[in-house]
Each structure stands twice: as C-alpha cells, then as structure tokens.
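Got your viewer open and a hand on the mouse? Let's take a walk through this protein, one selection at a time.

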Amino acid sequence: MLPAPPETTNGRGADGGAAIPSAIYTRVSTAEQARPDHYSLSHQQTQLREHISRDPKLRLFKVYTDPGVSGAAASRPALDALMEDARQGKFKKLFVLRIDRLGRDLLLLLQLERTLISYGVEIVSLAESFGPNSDPAAVAMKQVAMVFSQLDRTRLCQRMMEGRLRKLLEGKHASGPAPLGYRITRARELEVDPAGADLVKRIFRWRYGRRSYHWIAKKLNDEGQKPPKGGRKFYAATIRFIIKNSAVYRGHAKYGRLVKGIHQPIL
C-alpha cells in the first residue's frame with residue numbers, strides 16, 4: 001500500500017482564489033492483481049497525481065487506497081474514511097482513474113454517487129471524462145459506464161469459476177488454501193505435508209474413538225499444535241470442518257461436487 005500524502009489545508013488557484021480540495025481514490029482487487037493488464041495502485045496514483053498537479057485550480061487533499069479489496073464490497077477501510085471526510089466537507093472533487101475503481105456493483109455505485117453529490121462532491125474519472133454533474137448527458141454516460149463496470153466484474157467472476165471447474169475436472173485442487181495435511185506446489189497441486197498429515201490421522205482416530213470436537217481441539221491446543229490457515233488455536237468448529245472434509249483426505253477433489261483427485265490420500 002502506497003503512503004498517502006499529508007493532508008493540506010492551504011492552497012490558492014492561479015487567479016488567487018482558493019484551489020479546489022481534491023481527493024484521489026485507488027483500488028485493486030486480489031483477482032485483478034493476478035492479471036497482467038490490470039492497473040496497479042502505483043500506476044493509478046501516478047496518473048491521478050500528475051493530473052491534479054497540472055491544474056492550478058486543484059489542490060490535492062488526500063489519497064485513499066484500498067489494496068486487494070473487491071469492488072463489490074460496500075464497506076472498505078479507505079472508502080469508509082473517504083465517505084466520512086466527504087460528509088465533513090473536506091474535499092469537493094474525487095478523482096479515480098476509472099469509475100470501476102470506485103466500485104463494480106451498479107447499485108453500490110449509484111448509491112455512492114448519490115451520497116457524494118449530496119455532500120457536494122463531484123466524481124471525476126480520468127479515463128471516461130464524463131463532465132460535470134450539472135450536465136444530464138454526462139450523468140447518463142457515467143451511469144452507462146457503471147453498467148459496464150458491473151458487466152466486466154460478472155464476466156471476471158464467471159471466468160474464475162470456469163477455471164476452477166476445469167481444475168476440478170482434472171482432479172486438481174480448485175480453490176482456496178491447502179487443507180491441513182497438504183501444501184500447494186508451484187503447479188498449484190496438493191502434496192502431502194508429513195507433519196500435518198500425521199495430525200490429520202490423529203484427529204480422525206480420536207473422532208472415530210467418539211471424542212468430541214471440543215475435546216480434540218483442547219488436546220491439540222494443550223500440545224501447542226498450530227492450526228491451519230494461520231489461526232491462533234484450534235476450535236471445535238475447526239475440528240468439525242476437518243472431519244466434514246474427509247472426502248479430500250480420501251483422495252477426492254472438491255469444489256461444489258466431488259471427483260477423483262490426483263493428490264495422494266492421507267486416510
């Protein structure tokens with residue numbers, strides 16, 4: 001995450017009048033970070049900073065950045081701070097490289113736009129150049145861009161799902177972190193982690209011996225065992241999830257349905 005510049009409180013336009021306080025918002029989702037054609041946070045900030053610096057009527061107030069956050073999320077750390085500052089009247093123009101950086105859900109974008117307008121803030125997209133809010137044609141073009149932003153997100157999600165289904169049909173790990181007892185190779189396939197596999201076998205042995213989820217979790221925590229996914233300790237829910245995932249430990253790949261996997265079974 002790139003550091004935001006310090007907030008400024010003074011600034012004069014070229015004609016001696018007060019320069020318009022302007023904010024920058026940048027965002028990139030986790031999925032977009034993997035795409036070679038995506039606009040990086042540094043690229044977005046560079047373009048927007050240069051645009052504001054070239055206009056003597058504008059003054060940069062603050063940069064808000066949400067790294068690795070979906071454009072469909074209504075609540076994001078930087079966006080929430082931006083909306084609060086807008087409510088307090090701290091800036092009057094909001095610059096984004098493209099309207100889809102602000103959001104990829106049509107209803108969310110319309111709500112954000114309406115709220116910002118009520119705060120006296122104008123959204124400016126460098127790539128689309130809509131025009132002022134007072135121009136009905138500009139408003140219409142902005143809303144058309146919002147529709148295509150949602151369409152692009154829907155297509156991206158569809159491509160990701162199709163890719164996961166292809167992996168599943170090949171018997172590969174389709175999505176998410178590796179289950180306890182496995183690790184993911186560079187080829188994005190599961191391979192057995194010996195220490196974790198031994199832990200999985202013990203968990204199933206205890207469960208088959210009618211030990212409760214709570215008992216097993218406490219036993220592992222007392223031993224100082226590390227839970228999966230970077231958690232601090234085992235919980236009964238953690239053990240229950242591992243037991244319910246028994247098909248994977250018996251050699252099946254899972255993503256909505258089960259198929260014969262190519263990874264080595266643990267059980």
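Before the first click, one term: here, contact means heavy atoms within 4.5 Å. Also keep in mind that you are looking at a predicted model.

**Stop 1: the whole chain**

Show everything as a cartoon. The secondary structure comes to 10 helices and eight strands. The chain has 267 residues, and buried residues make up 39% of them. Now think about how the chain folds back on itself. Take the contacts between residues at least 6 apart in sequence: 62% of them join residues at least 24 apart.

**Stop 2: the open sheet**

Next, select the strands E1, E2, E3 and E4. In what order do these four strands form their open sheet? Reading across, the order is E2-E1-E3-E4, and the pairing is parallel. As background, strands of a sheet pair through backbone hydrogen bonds, either parallel or antiparallel.

Colour E2 (58–67) and E4 (122–125) in a shade of their own. These two strands stand at the edges, each with a single partner strand, so one side of each has no neighbour in the sheet. Turn the view and look along the sheet: on average, neighbouring strands are turned by 25 degrees against each other, direction ignored.

**Stop 3: strand E1 and its partners**

Zoom in on E1, residues 20–28. Is this strand mostly covered or uncovered? Mostly covered: eight of its nine residues are buried.

Look first towards E2. Nine bridges join E1 to E2, and the two strands run parallel. One pair to pick out is Ile20, which stands opposite Leu58 in E2.

Now look towards E3, residues 93–96. Three bridges join E1 to E3, again with the strands running parallel. Click through the facing residues one by one:

- Ser22 stands opposite Lys93 in E3.
- Ala23 is across from Leu94 in E3.
- Ile24 has Phe95 of E3 opposite.

**Stop 4: Ile20 up close**

Stay in strand E1, where Ile20 has its place, and show the Ile20 side chain. Why does Ile20 count as partly exposed? Its relative accessibility is 30%, and partly exposed covers the range between under 20% (buried) and over 50% (exposed).

Which residues is Ile20 in contact with, leaving aside its neighbours within four places in sequence? Select Lys57, Leu58, Arg59, Lys92 and Lys93 to see them. You can also draw a distance from Ile20 to Phe91: they are 71 residues apart along the chain, yet their C-alpha atoms are separated by 7.4 Å.

**Stop 5: E3, E4 and a helix on the sheet**

Move over to E3 and spin it around, because both of its faces are covered: Lys93 and Phe95 on one side, Leu94 and Val96 on the other, are all buried. On the way to E4, four bridges join E3 to E4, which run parallel. Here Val96 stands opposite Ser125 in E4.

Now add helix H2 (residues 41–54), which packs on the sheet and touches E1, E2 and E3. The direction of H2 makes about 165 degrees with that of E1.

**Stop 6: two residues in helices**

Select Asp100, which sits in helix H4 (residues 99–102). Asp100 counts as buried, because its relative accessibility is 9%. Show side chains and you'll find a polar contact between those of Asp100 and Arg101, at 3.0 Å.

Then jump to Arg87 in helix H3 (residues 77–87). With 48% relative accessibility, Arg87 counts as partly exposed. Try another distance here: Arg87 and Leu116 are 29 residues apart along the chain, and their C-alpha atoms are separated by 7.9 Å.

**Stop 7: a pair of packed helices**

Last selection: H7 (residues 194–208) and H8 (residues 213–223). Two packed helices are described by the angle between their axes and the distance between the axes. For H7 and H8 the angle is about 145 degrees, and the axes are 10 Å apart. Their crossing is right-handed.

To light up the contact, pick Leu199, Arg202, Ile203, Trp206 and Arg207 on H7, then Tyr213, Trp215, Ile216, Lys219, Leu220 and Glu223 on H8. Colour them by class, and this contact shows seven nonpolar, no polar and four charged residues.

Key. Residues are numbered from 1 along each chain as its sequence is written. This is a predicted model: local features need pLDDT of at least 70, side-chain atom pairs count only at pLDDT 80 or more; totals for chains, interfaces and linings use all residues. Side-chain values use heavy atoms; hydrogens and water are left out. Axes are lines fitted to C-alpha atoms, for helices over the stretch in contact, and angles run from 0 to 180 degrees between N-to-C directions. A crossing is left-handed if the near helix is turned anticlockwise from the far one by less than a right angle, and right-handed if clockwise. Ala, Val, Leu, Ile, Met, Phe, Trp, Tyr, Cys and Pro count as nonpolar, Asp, Glu, Lys and Arg as charged, and the others, Gly among them, as polar. Two strands pair if DSSP finds at least two bridges between them. Buried means under 20% relative accessible area, exposed over 50%, partly exposed in between (1.4 Å probe, protein chains only). A polar contact is a pair of N or O atoms within 3.5 Å; within protein, one must be able to donate a hydrogen and the other to accept it, and residues adjacent in sequence count only if both atoms are side-chain atoms.
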